[in-house]
Amino acid sequence: MKLFQVHTGFYDPNISDGFYEGHTNIFVCAKDEKEAREKVKEKEEYKKFKMHIDGVQEMDTVEGYKIKLVKS
């Protein structure tokens, strides 16, 4: 499993009548980018705000520290 940051965009009608695009990052564990996209698209938040995916990035290091996923 790998950690992915999925950058999503959406238009919230409650903020400036939905004129501006908002963004959020959703983190998921998946075997590859395709599976990460599929997992995010199943989340209630994604569906509720009719989000779209702007980008996906595998996260394997942060500031020189290696990320190791351990099932808990």
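**Exercise 1. Determine whether cysteine 29 is buried, partly exposed or exposed, and describe its surroundings.**

Solution. At a relative accessibility of 35%, cysteine 29 counts as partly exposed, because the partly exposed class lies between the limits of 20% and 50%. The model examined here and in the following exercises is a predicted one. The next step is to place the residue: cysteine 29 belongs to strand 2. Leaving aside residues up to four places away in sequence, cysteine 29 touches Met1, Lys2, Leu3, Lys39 and Leu69. Finally, a distance can be stated: between cysteine 29 and glycine 64 there are 20 Å from C-alpha to C-alpha, with the two residues 35 apart in sequence.

**Exercise 2. State which residues of helix 1 are buried, and explain why they lie on the same side of the helix.**

Solution. Helix 1 comprises residues 33-41, and its buried residues are Glu35, Ala36 and Val40. These residues cover an arc of only 135 degrees around the axis, and therefore they lie on the same side of helix 1. The following step asks what covers them: the cover includes strand 1 (2-11), strand 2 (21-30) and helix 2 (44-48). The N-terminal end of helix 1 is capped by aspartate 32. In this cap, a side-chain oxygen of aspartate 32 lies 3.3 Å from the backbone nitrogen of lysine 34.

**Exercise 3. Establish how many salt bridges the model contains, and characterise the residues that form them.**

Solution. The count comes to two salt bridges, where the cut-off is a nitrogen-to-oxygen distance within 4 Å.

- Step 1. Glutamate 33 and arginine 37 meet through their side chains in a salt bridge, with 3.2 Å from N to O. The two residues are four apart in helix 1, so about one helical turn separates glutamate 33 from arginine 37. Glutamate 33 is partly exposed, at a relative accessible area of 37%, and arginine 37 is likewise partly exposed, at 29%.
- Step 2. Lysine 47 and glutamate 42 also meet through their side chains in a salt bridge, here with 3.6 Å from N to O. Lysine 47 counts as partly exposed, with 42% relative accessibility, whereas glutamate 42 is exposed, with a relative accessible area of 55%.

**Exercise 4. Classify the aromatic pairs of the model as stacked, tilted or edge-to-face.**

Solution. A pair of aromatic rings is described by the distance of the centres and the angle of the planes. The count comes to two aromatic pairs.

- Step 1. The ring centres of phenylalanine 10 and phenylalanine 49 are 5.3 Å apart and the planes stand at 50 degrees, so this pair is tilted. The pair links distant parts of the chain, 39 residues apart: phenylalanine 10 is in strand 1, and phenylalanine 49 is in the loop between helix 2 and strand 3 (52-59). Phenylalanine 10 counts as buried, at 13% relative accessibility, while phenylalanine 49 is partly exposed, at a relative accessible area of 23%.
- Step 2. The ring centres of phenylalanine 19 and tyrosine 20 are 4.9 Å apart and the planes stand at 90 degrees, so this pair is edge-to-face. Phenylalanine 19 is exposed, with a relative accessible area of 61%. Tyrosine 20 is exposed as well, with a relative accessible area of 55%.

Terms used:
Residues are numbered from 1 along each chain as its sequence is written. This is a predicted model: local features need pLDDT of at least 70, side-chain atom pairs count only at pLDDT 80 or more; totals for chains, interfaces and linings use all residues. Side-chain values use heavy atoms; hydrogens and water are left out. Buried means under 20% relative accessible area, exposed over 50%, partly exposed in between (1.4 Å probe, protein chains only). The arc is that of the directions from the helix axis to the C-beta atoms. Contact means heavy atoms within 4.5 Å. A polar contact is a pair of N or O atoms within 3.5 Å; within protein, one must be able to donate a hydrogen and the other to accept it, and residues adjacent in sequence count only if both atoms are side-chain atoms. Rings of Phe, Tyr and Trp (its six-membered ring) pair if their centres lie within 6.5 Å; planes under 30 degrees apart count as stacked, over 60 as edge-to-face and the rest as tilted.
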